[in-house]
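New notebook page. I'm opening a structure I haven't met before and jotting down what I look up.

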Amino acid sequence: MKGGRSKVEKPKPDNKLAAKRKVADRATKKAPKKAKAVKDPNKPKRPPSAFFVFMEEFRKQFNEKNPNNKSVSVVGKAGGDKWKSLSEAEKAPYVAKANKLKSEYTKTMAAYNKKQSEGAHKAAEAEDESDKSKSEEEDDDDDE
């Protein structure tokens with residue numbers, strides 16, 4: 001069995017066909033990235049959930065008790081464990097505060113969206129007016 005192979009060799013596909021498949025695979029895997037949408041800095045931020053409202057208070061207490069702690073993960077882990085151990089009645093004030101913040105957010109978002117749509121309307125109207133003025137100018141030129 002010198003020089004022989006113990007495994008059965010599989011027939012190789014046509015080289016041209018294999019090359020086309022490789023090119024097609026590369027094309028599908030590396031699709032061009034879409035440009036990210038520009039974020040509006042004036043857009044209101046989403047409100048925190050009840051857990052994050054709780055964590056604001058918990059971080060302060062934890063840092064007072066453990067002033068030498070520099071690890072963020074330890075605080076997060078301790079906060080998560082504490083949150084899980086709270087009963088529904090103990091979570092209620094945080095849930096109420098989160099709901100209040102959410103209702104304020106919906107009001108500000110409504111105002112923001114209204115302002116955005118008005119701005120788009122004004123831009124469209126300004127564009128229409130500029131188009132009208134161009135056509136009126138052309139009519140005036142034709143009359144002369």
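My entries go from the whole chain to one helix and then one residue.

**Ground rules.** I'm working with a predicted model, where local features need pLDDT of at least 70, side-chain atom pairs count only at pLDDT 80 or more, and totals for chains, interfaces and linings use all residues. Residues are numbered from 1 along each chain as its sequence is written, and side-chain values use heavy atoms, with hydrogens and water left out.

**Whole chain.** I looked up the helices and strands (DSSP runs: H or I of at least four residues, E of at least two) and found 4 helices and 0 strands. Of the 144 residues, 12% are buried (under 20% relative accessible area, 1.4 Å probe, protein chains only; exposed is over 50%, partly exposed in between).

**Helix 3.** I checked the span of residues 72-85: the 14 residues should cover 20 Å (1.5 Å times one less than the number of residues), and the end C-alpha atoms are indeed 20 Å apart. Its buried residues are Val75, Gly79, Gly80 and Trp83. They sit on the same side of helix 3, because their arc (directions from the helix axis to the C-beta atoms) is only 130 degrees. Turned away from that side, I noted exposed Ser73, Lys77, Lys84 and Ser85.

**Lys91.** This one belongs to helix 4, residues 88-143. Lys91 is buried but has no salt bridge (Lys or Arg side-chain nitrogen within 4 Å of an Asp or Glu carboxyl oxygen). The nearest side chain of opposite charge is Glu88, 4.4 Å away. Setting aside neighbours within four places in sequence, I found Lys91 in contact (heavy atoms within 4.5 Å) with Trp83 and Leu86.

Conventions
Lys, Arg positive; Asp, Glu negative; His and termini not counted.
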